[in-house]
Amino acid sequence: MYRLTRDQMAARVARDIPEGAYVNLGIGLPTKVANYLPQEREIFLQSENGLLGMGPAPTPGEEDWELINAGKQPVTLLAGGSFFHHADSFAMMRGGHLDICVLGAFQVSVRGDLANWHTGEPDAIPAVGGAMDLAIGAKQTFVMMELLTKQGESKLVETCTYPLTGLGCVSRIYTDLAVFDVGPDGARVIEIVDGLSIEALRKLTGLKLAASDEMQPA
Amino acid sequence: MIDKEVASAAVAVADIHSGASVMIGGFGTAGMPDQLIDALIARGVGDLTIINNNAGNGEAGVAALIKAGRVRKIICSFPRQSDSHHFDAAYRAGQIELELVPQGNLAARIQAAGAGLGAIFTPTGYGTLLAEGKETREIDGKHYVLEHPIKADFALIKAHKGDRWGNLIYRETARNFGPIMAMAATTTIAQVSEIVELGAIDPEIVVSPGIFVQRVVQIASTTNHALAA
């Protein structure tokens, strides 16, 4: 079975980010999306620690540790970029000003519930950061993840078993095997990798998946 | 003549008492007022409630305060990191209480305190473990959680430049929680890289007006140190 690599997944997400979008890319896998944004589009990257118009990593030796991203790694600021305090930063999310947020996930339900902050294990030290604000704040929340765990269990589920980050907040899921729309009507497959049938995908996930009429190869 | 400049970090923190609530600026180490924290450790007071985004990175700043056993409770959004070993040890030993707050709610609750609001309804966290037991309300078809303001006796923040009236400007992403913590504490103490003459900061770009800042201490900048994520 063919699977998209993590870079191919990032390139796929990048294709759906339009000119002029204000976008927050979550820590981890979603940060790769920045590498594939088309040069000809002007897209504004926000980092919740307080910058808009985030540029690429600095050249080695040029790091400024007061100019960092949410992952606490050094970044640069594009001409036209800006700095702001935390209350303004989260108002950009909560106030619905941010167009797209791309997040990783432990699980997403077919209705768009997201679990990505806590495994729920009793000895785990919980940390939430901006995950809950990002999940419910942006106009559209995309999730980017491998569809299956290492044990082969589907991370797209009927009901999340991990503690929730937000209810009904995810609209689209990009995975290595298929792209899904999720929401009140359940999960719908809009793209699928070559060589994988919708029936095989239903078997892998154990879910009743609707298929889009215009379903295309990913 | 009003002069909020104080001679040293030690003088700036000399009235912080045991049991005080203390906001500390910074996101990771960017904007962390390390020298004020060092002075607080040297004062020897404990039983502190600390409000910060994280729970210490590496060995300096909030991490050093925790290591020294001075923190009874921490209110933060992201305690667990690759270099939060001093917090991790204290937490696992039951020596420190943790109130975990989503990052945007932390900012909003601090801002609410500074703005004199009684409480806020926020959509963040609705339906999750972090809203359990809290009052909720549906407003215009959307669900919200009632969250109370977070205020403090003191705020320790780091800014780029200040003047003797307490006006501040910040540097890059080291701004983070500084401006809102300055509003939410009874006594705000800012360490700045440079104290300048009144009027030298363009009034159009003042970020924290002096009304929010009670003390300013000049400490040579020590910004360029590496940290782990």
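This passage walks through a predicted model with two chains, starting where they meet and then turning to some local details.

Let's begin with the contact between the chains. Chain A puts in 32 residues and chain B puts in 41 residues. On the side of chain A that touches chain B, the elements giving two or more residues are helix 2 (86-94) and helix 3 (131-137) of chain A. Helix 2 of chain A supplies the largest share, five residues. Sorted by class, that side of chain A is made up of 17 nonpolar, nine polar and six charged residues.

Staying with chain A, there is a run of strands to follow. Strand 10 (residues 170-174) and strand 11 (residues 178-181) of chain A run antiparallel and are joined by three bridges. These two strands make a hairpin, with three residues between them. Here A:Tyr174 has A:Val179 in strand 11 of chain A as its bridge partner. Strand 11 of chain A is also joined to strand 12 (residues 188-192) of chain A, again antiparallel, by four bridges. In this pairing A:Asp181 is matched with A:Arg188 in strand 12 of chain A. The hairpin of strands 11 and 12 of chain A has six residues between the strands, and A:Gly186 takes a positive phi near 95° there.

Chain B has a hairpin to look at too. Strand 6 (residues 136-139) and strand 7 (residues 142-147) of chain B pair up in the antiparallel sense over four bridges. B:Ile139 sits opposite B:Lys142 in strand 7 of chain B. Two residues lie between the strands of this hairpin, and B:Asp140 takes a positive phi near 50°.

Now for helix 4 (residues 85-92) of chain B, whose buried residues are B:His86, B:Phe87 and B:Ala90. Looking down the axis of helix 4 of chain B, these buried residues fall within an arc of 95°, so they line one face of the helix. They pack against helix 3 (62-67) of chain B. After helix 4 of chain B comes B:Gly94, with a positive phi near 75°.

Last up is B:Asn54, in the loop between strand 2 (48-51) and helix 3 of chain B. B:Asn54 counts as buried because it has 27 other C-beta atoms within 10 Å, and the cut-off is 20 or more. Leaving out residues up to four places away in sequence, B:Asn54 touches B:Gly28, B:Val62, B:Cys76, B:Phe78, B:Pro79 and B:Gln81. B:Asn54 and B:Ile24 are 30 residues apart in sequence, yet their C-alpha atoms are 9.8 Å apart in space.

Key
Residues are numbered from 1 along each chain as its sequence is written. Chains are lettered from A and ligands numbered from 1 in the order in which they are written. This is a predicted model: local features need pLDDT of at least 70, side-chain atom pairs count only at pLDDT 80 or more; totals for chains, interfaces and linings use all residues. Two residues are in contact if their C-beta atoms, placed from the backbone, lie within 7 Å. Ala, Val, Leu, Ile, Met, Phe, Trp, Tyr, Cys and Pro count as nonpolar, Asp, Glu, Lys and Arg as charged, and the others, Gly among them, as polar. Two strands pair if DSSP finds at least two bridges between them. A residue is buried if 20 or more other C-beta atoms lie within 10 Å of its own, exposed if 12 or fewer, and partly exposed in between; C-beta atoms are placed from the backbone. The arc is that of the directions from the helix axis to the C-beta atoms.
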